[in-house]
There are 2 protein chains.
Amino acid sequence: MDVVVELFWKKGYNGTSMQDLVDATGLNRSSFYNTFVDKFTLFEASLTHYQQKQNQLIPTVNTFKSPKQAITSLFKGISKDIMNGDQKGCLLTNCTTELVKQEPRIKSFLQDNKNKIVNSFISLIQAAQENGEIDPEKDSQTLALYLFSSLQGLRVTSMIDTQLEGVTEEILRSI
Amino acid sequence: MDVVVELFWKKGYNGTSMQDLVDATGLNRSSFYNTFVDKFTLFEASLTHYQQKQNQLIPTVNTFKSPKQAITSLFKGISKDIMNGDQKGCLLTNCTTELVKQEPRIKSFLQDNKNKIVNSFISLIQAAQENGEIDPEKDSQTLALYLFSSLQGLRVTSMIDTQLEGVTEEILRSI
DNA sequence: ATTTATTTGAAACGATCGTTCCATTTGTCC
DNA sequence: GGACAAATGGAACGATCGTTTCAAATAAAT
């Protein structure tokens, strides 16, 4: 399954052929369809698989003593990954731009994913506001969506520029 | 040419078939290849066409009396377009995620485009720093790349969420 | 008006797309 | 060991992919 995700990640949905998938997995075509139904179903499964792995990285309120530091660590980690040569972007970001306009099911999935992440951020921000790490005057909802949008921006920009530490710091200056 | 751009914009490179292009333009296949060489060449031409139109929207130092307001206006304009239902994202952003890893020529084009935009921002920021609109202590280069990255983020996020006025204001708070 | 270029229509190219079929092999239970 | 279900290999499906070909139609030049 990981190798399938890798493939969609690198080549996109339309750019990945059934032959690619068969070759990469080593499975036979018959077994493949027996297991994964069809290409689109497999792709949705890949998105879910990726989402679960990715969302483990997003800190919850209890992970760190400092909720603000939790957010900071997340962004610094991504920034470091980018600097170290991770230029694949984000599978979900990539397929946002590729399929959102064509596939309502994908759009729903991505909106749901966005809400999940934004809600995580909101919890962290509110916790940070309660213990004085973040200005309580700020609207946590807006700030959370801002962080989400900034994350998308980082992910896309990282594919053509790996020097984003300064940008990351600038983003974190908002909280 | 505009209808071709529209098509690539909506469906991506791999998602757009030659049949789509022939149908949309009304041209015959022969005339098509006579005019545009092949699909990839046409796509590169589309990117250039789009880039030229888009970069006209980016204000230069002389456009506004206030360089800071020039940047503000650009972002507010995009924010308003998004609110009014523009959910196609940016053709260049979309093809960044689709083709950058596969096509070196596209990667070069996009890096060049990034540099152009960042340089425009640098000029505006430096002008704004000289007349006291923006804190002269800030690194104009970093700030410019931050604005570029934020633009990408807005463009991607707009495809699944149209309520981005608050986010835009948050971005502009950095300058 | 006749010759020369250029542009068009439509069919067809080989390759590949995602998917299905079926004969064969493998594994499982009585 | 024999009956039955499951998984596998590989050919083949129709459809579509990007591209080419070529004769007919049109335009330009002499």
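**View 1. The two protein chains meet through the same surface.** All told, 100% of the interface residues of chain A are also interface residues in chain B, so the copies meet through the same surface. Contact here is a cut-off on C-beta atoms placed from the backbone: two residues touch if these lie within 7 Å. By that count, 41 residues of chain A are in contact with 41 residues of chain B. On the chain A side, at least two residues each come from helix H1 (2-11), helix H6 (91-99), helix H7 (104-130), helix H8 (140-157) and helix H9 (165-172). The top contributor is H8(A), with 12 residues. Sorted by class, the side of chain A that touches chain B has 12 nonpolar, 18 polar and 11 charged residues. For the sorting, Ala, Val, Leu, Ile, Met, Phe, Trp, Tyr, Cys and Pro are nonpolar, Asp, Glu, Lys and Arg are charged, and the others, Gly among them, are polar.

A note for every view: this is a predicted model, where local features need pLDDT of at least 70 and side-chain atom pairs count only at pLDDT 80 or more, while totals for chains, interfaces and linings use all residues. Residues are numbered from 1 along each chain as its sequence is written, and chains are lettered from A and ligands numbered from 1 in the order in which they are written.

**View 2. The axis that relates chain A and chain B.** Turn chain A by 180°, with 0.0 Å of shift along the axis, and it superposes on chain B with an RMSD of 0.0 Å. That is the relation of a two-fold axis. In chain A, the C-alpha nearest the axis belongs to A:Gly153, 1.8 Å from it. The fit is by least squares on C-alpha atoms of residues with pLDDT of at least 70 in both copies.

**View 3. Chain A as a helical protein.** Chain A comes to 9 helices and 0 strands. These are DSSP runs numbered from the N terminus: H or I over at least four residues for a helix, E over at least two for a strand. The C-alpha trace of chain A spans about 60 × 30 × 30 Å along its principal axes. Of its 175 residues, 39% count as buried. Buried means 20 or more other C-beta atoms within 10 Å of the residue's own, exposed means 12 or fewer, and partly exposed is in between, with C-beta atoms placed from the backbone. Among contacts in chain A with a separation of 6 or more, 64% join residues 24 or more positions apart.

**View 4. The surroundings of DNA strand D.** Near, for a strand, means that a residue's C-beta atom, placed from the backbone, lies within 6 Å of it. There are 13 residues around DNA strand D, and the closest are A:Asn28, A:Ser31, B:Ser17, B:Met18 and B:Asp38. Helix H3 (29-36) of chain A, plus helix H2 (18-25) and helix H3 (29-36) of chain B, each supply at least two residues of this surface. H3(A) has the largest share, 4 residues. The class split is 2 nonpolar, 7 polar and 4 charged.

**View 5. The surroundings of DNA strand C.** Of the 13 residues around DNA strand C, the nearest are A:Ser17, A:Met18, A:Asp38, B:Asn28 and B:Ser31. H3(B) gives the most to this surface, with 4 residues. By class, the surface near DNA strand C has 2 nonpolar, 7 polar and 4 charged residues.

**View 6. A positive phi at Val37 in chain A and in chain B.** Most residues other than glycine have a negative phi. A:Val37, though, has a positive phi near 70°. A:Val37 sits in the loop between H3 and helix H4 (39-55) of chain A, and is exposed, with 12 other C-beta atoms within 10 Å. Over in chain B, B:Val37 has a positive phi of about 70°. B:Val37 lies in the loop between H3 and helix H4 (39-55) of chain B, and counts as exposed with 12 C-beta neighbours inside 10 Å.

**View 7. Helix H5 of chain B and its packing.** Helix H5 (residues 67-83) of chain B has 17 residues and should span 24 Å at 1.5 Å a residue; its end C-alpha atoms are 25 Å apart, which agrees. The expected span is 1.5 Å times one less than the number of residues. Buried residues in H5(B) are B:Pro67, B:Ala70, B:Ile71, B:Leu74, B:Ser79 and B:Ile82. They pack against helix H7 (104-130), helix H8 (140-157) and helix H9 (165-172) of chain B. After H5(B) comes B:Gly85, with a positive phi near 105°.
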